[in-house]
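Hi everyone, thanks for coming. I'd like to walk you through one structure today, strand by strand and then domain by domain, so please have it open in front of you.

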Amino acid sequence: MTGVPPMRRAIGGGTMLAGVIGWPVSHSRSPLLHNFWLARYGIDGAYVPLPVRPGLFDVAVRGLQAAGFRGANVTIPHKEAAFAIADHLHRSAVRSGSVNTLVFAGDGRIEAHSTDGDGFVANLEAHGVDVMRGPALVLGAGGAARAIVASLTDRGIAVSIANRTRARAEDLAHALASPETRIAVTDWDRWTDGLPDHALLVNTTSLGMHGGPDDVFAPDLARAPAGMVVADIVYVPRMTPLLRAAAARGLPVVDGTGMLLHQARLGFREWFGVDPAVDADIQALLDADLAE
């Protein structure tokens, strides 16, 4: 199934509804992606932005549920409130300590998921990366890092964490530790020394983001082993300074747009019953939007 379908569809009494809750929410690319898939698969559905002020999250969610919505994505500043309102926390939410997807079940329960970590892994696999081939070195210890570390360690992959504040990395390692989980912590100013021992390097920080305080982030990758995969969750720019530095050394790179697409795919499947394709068409749609 190829080509870009028409994006505008009539909304009727039987239309399945979902959306993204945040404040602000105008920046979200989720409506663009989900409405593309709805049109592509001929689903009578719509996905809308839902700007909800802080303090009104609970009443807004209950109202959406009562109005027949299938569920919603959740973005800042409501992720803690989404965790609290859930009747059932999926393992992904428990392990990541966060929620970005709510599903309103037919029995009246609110189910909570975190699709970031599994979306990250799915994107690696879509790029032909065998995540099981070796240990991962993760830069950062925020919410995205926790979701990604949880997904990697749940697959039995050994992980090292480096963060500018070491205590936060230690807290994350402790929170996700188990007898089956191997998580090490390394000093921020020494993480490049550990490159030879890893097969995957992941930047989960905002370092390298266009317009950010540290938008030039190109560490010395001279010690990276041949074939090490370098992934960045930053997607503006798509080729971050880190990815450019890795590509210059001939290392395979994976940019952050695919994680955005795959975490959206997992939510779409829950709400609308179709597992949508992440392909060149939707990648081109996202690239064009990011270039504006």
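**A walk through the strands and domains**

Let's begin at one pair of residues: Phe104 has Ile110 of strand E6 as its bridge partner. Before going further, please keep in mind that this is a predicted model.

That pair belongs to the pairing of E5 with E6, which is antiparallel and has four bridges. The two strands form a hairpin with five residues between them, and Gly108 in that hairpin has a positive phi near 95°.

Now stay with E6, which covers residues 110-113. Which way do its residues point? Ile110 and Ala112 go one way, Glu111 and His113 go the other way, and all are buried. So that includes Glu111 and His113, if you are looking for them on the surface. E6 also pairs with strand E4, residues 88-89, this time in the parallel sense and over two bridges. There, Glu111 of E6 has His88 standing opposite.

Let's go back to E5, residues 101-104, and look at its pairing with E3. These two run antiparallel and are joined by three bridges. If you want a residue to click on, Ala72 has Leu102 in E5 as its bridge partner.

E3 itself spans residues 71-74, with Gly71 and Asn73 pointing one way and Ala72 and Val74 the other. Are these four residues buried or exposed? All are buried. E3 is also joined to strand E1, residues 16-22, by four bridges, and here the strands run parallel. In that pairing, Asn73 of E3 faces Val20.

Time to zoom out to the domains. The protein is divided into domain 1, made of 16-115 + 258-291, and domain 2, made of 130-251. Their contact takes 11 residues from domain 1 and 12 residues from domain 2. Measuring from C-alpha centre to C-alpha centre, the model puts the two domains 26 Å apart.

How much area do the two domains bury between them? The value is about 930 Å², with 51% of it on carbon and sulfur atoms. On the domain 1 side, Arg95, Ser96 and Met259 lose the most area to domain 2, and together they account for 54% of what that side buries.

Since many of us like charges, here is the polar part of this interface. Three salt bridges are found across the interface of domain 1 and domain 2. Take Arg95 again: this residue forms a salt bridge with Asp154, and the closest N and O atoms are 2.9 Å apart. Seven residue pairs are in polar contact across the interface. As for the elements involved, helix H4 (91-96), helix H9 (257-272) and helix H10 (280-291) each give two or more residues to the side of domain 1 that touches domain 2. H4 provides the largest share of that side, with four residues.

One last stop: an open sheet of six strands. The order is E9-E8-E7-E10-E11-E12, and the pairing is parallel. Why do E9 and E12 each have one side without a neighbour in the sheet? Strand E9 (183-187) and strand E12 (253-254) stand at the edges and each has a single partner strand, so one side of each is left free of a neighbour there. Further in, strand E7 (residues 136-139) pairs with strand E10 (residues 200-203) in the parallel sense, over four bridges. For a pair to look at, Leu139 has Asn203 in E10 as its bridge partner.

That's my tour, and I'm happy to take questions.

Terms used. Residues numbered from 1 in each chain as written. Predicted model: local features only at pLDDT ≥ 70, side-chain atom pairs only at ≥ 80, totals over all residues. Heavy atoms only, no water. Buried < 20%, exposed > 50% of the residue type's maximum accessible area, 1.4 Å probe, protein only. Pairing = 2+ DSSP bridges. Domains from an automatic or database assignment. Contact = heavy atoms within 4.5 Å. Buried area = accessible area lost by both parts, 1.4 Å probe. Salt bridge = Lys/Arg side-chain N within 4 Å of Asp/Glu carboxyl O. Polar contact = N/O pair within 3.5 Å; in protein donor to acceptor, adjacent residues only side chain to side chain.
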